[in-house]
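I opened the notebook to record what I could look up in this structure, going from the overall layout to single residues. The entries follow in the order in which I made them.

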Amino acid sequence: MTKETNNFRPTHRILAVTKNGKKKFWQPIGALWSHADGKDFNQRLDYLPLNNAEIVVRAIDEDAQAEGNGGAQ
């Protein structure tokens with residue numbers, strides 16, 4: 001078994017998406033990254049979603065993150 005180098009930085013953002021009419025609100029609530037063995041994922045939730053929020057896991061887009069929106073649309 002080969003072991004990959006992992007810097008343990010989040011690779012995905014966890015978001016709670018709620019709707020108000022036609023408008024959607026994307027709230028970052030946590031992060032996801034590959035486990036050291038490369039087979040599983042670690043997850044950290046900073047907040048718990050409420051109000052029937054849809055949970056979305058989205059890959060972190062480095063370009064969008066540099067612009068300050070974290071990749072959410």
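**Entry 1, layout.** Reading from the N terminus, I found that the elements of the protein chain run β-β-β-β-α, which agrees with a count of one helix and four strands. I note at the outset that this is a predicted model, and I keep that in mind for everything below. Buried residues make up 23% of the 73 residues in the protein chain, and the accessible surface comes to about 6,000 Å², with 48% of it belonging to carbon and sulfur atoms. When I took the contacts between residues at least 6 apart in sequence, 44% of them turned out to join residues at least 24 apart.

**Entry 2, the sheet.** I then asked in which order the four strands lie in the sheet. The sheet is open, its order is E3-E2-E1-E4, and the pairing is antiparallel. The edge strands, each of which pairs on one side only, are E3 (41-45) and E4 (54-59), and from one strand to the next the twist averages 35 degrees.

**Entry 3, strand by strand.** I went through the pairings in turn, beginning with E1 (residues 12-20), which pairs with E4 in the antiparallel sense over six bridges; here Val17 has Glu54 in E4 as its bridge partner. E1 is also joined to E2 (residues 23-34), by nine bridges and again antiparallel, and in this pairing I located Leu15 opposite Pro28 in E2. E2 in turn is joined to E3 by five bridges, with the two strands running antiparallel, and the bridge partner of Trp33 in E3 is Asn42.

**Entry 4, the turns.** How many residues lie between the strands in the hairpin of E1 and E2? I counted two, and Gly21 in that turn has a positive phi of about 70 degrees. The hairpin of E2 and E3 has six residues between its strands, and there Gly38 takes a positive phi near 75 degrees. I also looked up Ala36, whose place is in the loop between E2 and E3. Ala36 counts as partly exposed because its relative accessible area is 30%, which falls between the limits of 20% for buried and 50% for exposed. The C-alpha atoms of Ala36 and Phe8 are separated by 7.7 Å, although the two residues are 28 apart along the chain.

**Entry 5, the core.** Which residues make up the largest nonpolar core? I listed five: Ile14, Ala16, Ile29, Leu32 and Ala53. E1 and E2 are the elements that give two or more residues to this core. As background, I wrote down that nonpolar side chains tend to be buried together in soluble globular proteins. I followed Leu32 further and, leaving aside residues up to four places away in sequence, found that Leu32 touches Pro10, Thr11, His12, Ile14, Phe41, Asn42, Gln43 and Val57.

**Entry 6, charges.** My search of the whole structure for salt bridges returned one. It joins Arg44 to Asp46, and the closest N and O atoms are 3.0 Å apart, which is inside the 4 Å limit for a salt bridge. In general, side chains of opposite charge can pair when their charged atoms come close. I checked how far each partner is covered: Arg44 is partly exposed because its relative accessibility is 41%, and Asp46 is partly exposed because its value is 45%.

Methods: Residues are numbered from 1 along each chain as its sequence is written. This is a predicted model: local features need pLDDT of at least 70, side-chain atom pairs count only at pLDDT 80 or more; totals for chains, interfaces and linings use all residues. Side-chain values use heavy atoms; hydrogens and water are left out. Two strands pair if DSSP finds at least two bridges between them. Axes are lines fitted to C-alpha atoms, for helices over the stretch in contact, and angles run from 0 to 180 degrees between N-to-C directions. A nonpolar core is a set of buried Ala, Val, Leu, Ile, Met, Phe, Trp, Tyr and Cys residues joined through side-chain atoms within 4.5 Å. Buried means under 20% relative accessible area, exposed over 50%, partly exposed in between (1.4 Å probe, protein chains only). Contact means heavy atoms within 4.5 Å. A salt bridge is a side-chain nitrogen of Lys or Arg within 4 Å of a carboxyl oxygen of Asp or Glu. Accessible areas come from the Shrake-Rupley method with a 1.4 Å probe; for residues, only the protein chains shown count as cover.
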